[in-house]
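Biologist: I would like a close look at a single part of this model, the place where the chains meet. Please take me through it with care, and then show me what lies around it.

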Amino acid sequence: MYLNWLPENISTHGGEIDSLLRLIYYITLAWFIVTMGAMLGFVLLFRRRDGQRAAYITGEKLSQAAWLLIPAALVLVLDLWIDFRGGDAWAKAKLHVPPSELQVQVTGKQFNWEILYPGPDGQFGTVDDLQIDNELHVVVNKVVGITLKSKDVIHSLFLPNLRLQQNAVPGRKFPAWFQATKTGVFEIPCAELCGFGHSGMVGHLTVHTAEEYDKWVKEQWPSATGDEIPR
Amino acid sequence: MTNPQSVDPIPASVAHIAHGELGFWRTYVFTTDHKTIAKQYLSLGLFMAFVGGYLAYVMRWQLAFPDTSIPGFGFVGPETYNALVTNHGTIMVFFVAMPILLGAFGNFLIPLMIGARDMAFPRLNMLSFWILAVSALLILTSFFVPAGGASAGWTGYAPLSARAEYTGVNWGINLWLLAHALEFASFLMGGVNFLTTAITMRAPGMTFFRLPLVIWQLLTASVIFLLSVGPLISAAVMLLMDRLLGTSFFVPEGGGDPMLWEHLFWFFGHPEVYVILLPGLGAVLEVLAVFSRKPIFGYRWIIYSTLTTGFLSMIVWAHHMFVSGMDPRLVMPFSISTILISVPIALIMFSMILTLWKGSIRLTTPMLWALGFIAMFILGGLTGIVLGSAPVNIQVHGTHFVVAHFHYVLLSVVIFGGFTGLYFWFPKMFGRMMNEPLGRLHFLLTLIFFNLTFFPMHAVGLAGMPRRIANPLQYEFLAAVQPLNVQITIMAMGLIVAQLPFLINFAWSIVAGRKAEPNPWEAATLEWTAPSPPPHGNWGEAIPTVYRGPYEYSPPGVREDYLPQDRALAARSAQEKR
């Protein structure tokens, strides 16, 4: 099954996206089987035979055109169903950005992801801000809020395992968010052609357990005390 | 409505040509005969298909065996890869699909099928071809300027494309933009010619609802093109100004907005794919009727669906921009319009299949291609539903899933639809028959290799492989799909080689094929009443008069199994109602 090629979903909203994809897959597969079955069946059944004339059917009469209109209506109904399901999933993924527990600013710049952490004080624009290129460290099961920017051309932040993709456009700031349900290390490719270094522009997302994350924070901000570590 | 040609005898512009004394240059190069111009467009399209196919070969080899030296090319660096991918797309869309489906089919068929001696503006027609030829020359030249050809994708997103320092490419992109401007001018002229001719020069009795469906498709395509291309022409001018004059239409540092380019590009870019689709659909519809010996099922419904598709195609463009950062509230409306456009197109596909019901089907080469089109286009169209659903689009946008989708829909139109038309109208164009066994071999090999190439690509995209990646081995998560990439490359080589039977057949049949009668397929539309090939002016003394619709196959009460559009009948009562 083709859907097995999808990267493992570790996102809270990824499940809905995957199940919508599965729904569309089955609907479209059914249409393909029906239409191809009809087409091949007709070709086999109605091959030219000597003495046999084709039937003069124009499809103008409504009783004949019904064979067009009813399937087209069915297509419409199924399309609308897909879109209603999609509306909910889209709202969840992109419209209703939940309050985030961890925040980062990600700036694409040929050909790196410049990731800015606010540091233990949780504020950007302060002394303890730290930029680490291409390394995004988060805690499992916490909402991560991203402000996505670009310093030069359009890039696209793509986290396949989190079902997250968002263009980074210079001159603009876009919000993105995710909540990872599993730990691990995952690659962050750039998904929008950004120049000759586009291929190979890749960061790494590390989803830590709470303890591992605390350890990482202490390594990056050695002077931070326990109270200030954001969770 | 009066048609001047039914009053005048052969017009003067045609009459003096009948002497045959125009000489080589006016006959073959600076010709105003729509049929020769059509062949010029065809030649250009076929030549550029070689170039585009060569670029695809190099790209695919690089993807399968990164950083190896590619036979017949050498090493591909990242800058080079971006130029390959950009120009492959640009050439295939603007210099293969458009010239063949609109330039060749449109020019050849419109006068012949409506009963006119030539286009309304024959010299404008000639100019439109030569402007396209210059445009093609600019693209080819762009490969050889310092820093090479355009490399910002066929989509040319800014600011990557707006400042030379972002790509390192300077005149390559400037020439690319100039080529586009010329190419748009060329097709604008063509569109004007198509519409004027079809509206004002139809033969007596040829009402709009007696026009063959391919003409309706060509006209709708012309209207869509005319309505949508303006924004992109403006955008191309603005982008050239950004590059050459230091303006900042698309550069944020100067107050511009990269997303403006995206909207302007896709506002044209989406209708453009329907401009390409419709003529291919039309060719398939013509062939289905002829080789089922049945009227097209639901002629009027197809026309309504075509017009609906044309309208809807203008309001779906931002489905290319779901993750672009545009206001997320805009996404659902575009997702709805996108998914709705599947309804009229589905209706047309159902009509094609129902045309086969109770037919008397002859599996000639054109018919095989037509059936192949139906299958491949349905498959490609269905993956469009996946892409049109906005949440799912988050995952597959910018991946090879998109590449698989658009190759299925585009190639089903250009290759399957294109060869449907080429094999079908070859006898009329060249006065000779093509070789049937070679034609079937070409079809079978193409069908097999096409699917083996592009079907696995869906999996590669689902796995997350982004587009325009020169080296998949740079990503650990793509290691599992690299075997698929290798398979795709090998099958793509097969697809290219599978075109050899066609090239041999085409070339040989033009010079030595069996001479064709006027109507070898026993078809009912007007082009088959002219000689094969038609002379200047298409018909002799009198152009045809039309008495019925274009698909009177197996009509009851008639001994023959078809009634040509121009055959007057003693007992007219039943037939003339259409």
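**A loop, a helix and a contact**

Modeller: The residue Pro159(B) is placed in the loop between α6 (122–142) and α7 (164–167) of chain B, and the peptide bond that leads into it from Ala158(B) is cis, with omega near -5 degrees. Please keep in mind throughout that this is a predicted model. A second cis peptide bond runs from Gln110(A) to Phe111(A), with omega near 0 degrees, and Phe111(A) belongs to the loop between β1 (102–109) and β2 (112–117) of chain A.

Turning to the contact between the chains, chain B contributes 86 residues and chain A contributes 75 residues. On the side of chain B that touches chain A, helix α13 (residues 342–356) of chain B gives the most, with 10 residues, and that side as a whole divides into 54 nonpolar, 22 polar and 10 charged residues.

The helix α13(B) deserves the close look. Its 15 residues reach 22 Å from the first C-alpha to the last, close to the 21 Å expected at 1.5 Å a residue, and α13(B) is mostly covered, with 15 of its 15 residues buried. After α13(B) comes Lys358(B), whose phi is positive, near 60 degrees, although Lys358(B) is not a glycine. Lys358(B) sits in the loop between α13 and α14 of chain B, and it counts as partly exposed because 19 other C-beta atoms lie within 10 Å, where 20 or more would make a residue buried. Another residue of chain B to set beside Lys358(B) is Asp67(B), which is not a glycine and has a positive phi near 60 degrees; Asp67(B) is found in the loop between α4 (34–64) and α5 (78–114) of chain B, and it is exposed, because 11 other C-beta atoms lie within 10 Å.

From the side of chain A, the element to follow is helix α1 (residues 14–45) of chain A, whose 32 residues should span 46 Å at 1.5 Å a residue, and whose end C-alpha atoms are indeed 46 Å apart. Its buried residues include Ile17(A), Leu20(A), Leu21(A), Ile24(A), Trp31(A) and Phe42(A), and what covers the buried residues of α1(A) includes α2 (62–95) of chain A together with α13, α14 (365–388) and α15 (390–396) of chain B.

A further point where the chains touch is Ser554(B), in the segment after α19 (500–512) of chain B. Leaving aside residues up to four places away in sequence, Ser554(B) touches Arg53(A), Ala54(A) and Tyr56(A), and also Arg293(B), Lys294(B) and Asp561(B). Ser554(B) is buried because 21 other C-beta atoms lie within 10 Å.

Chain A itself is divided into domain 1 (8–95) and domain 2 (102–222), and the C-alpha centres of these two domains lie 40 Å apart. Their contact takes eight residues from domain 1 of chain A and nine residues from domain 2 of chain A. Chain A also holds an open sheet of five strands in the order β3-β2-β1-β5-β8, with mixed pairing, in which β3 (130–133) and β8 (174–179) are the edge strands, each pairing on one side only. Within that sheet, strand β5 (residues 143–150) of chain A pairs with β8(A) in the antiparallel sense over six bridges, and Val144(A) stands opposite Phe178(A) in β8(A).

Conventions: Residues are numbered from 1 along each chain as its sequence is written. Chains are lettered from A and ligands numbered from 1 in the order in which they are written. This is a predicted model: local features need pLDDT of at least 70, side-chain atom pairs count only at pLDDT 80 or more; totals for chains, interfaces and linings use all residues. Two strands pair if DSSP finds at least two bridges between them. Helices (H or I, at least four residues) and strands (E, at least two) are DSSP runs, numbered from the N terminus. Two residues are in contact if their C-beta atoms, placed from the backbone, lie within 7 Å. Ala, Val, Leu, Ile, Met, Phe, Trp, Tyr, Cys and Pro count as nonpolar, Asp, Glu, Lys and Arg as charged, and the others, Gly among them, as polar. Domain bounds come from an automatic or database domain assignment. The expected span of a helix is 1.5 Å times one less than its number of residues. A residue is buried if 20 or more other C-beta atoms lie within 10 Å of its own, exposed if 12 or fewer, and partly exposed in between; C-beta atoms are placed from the backbone.
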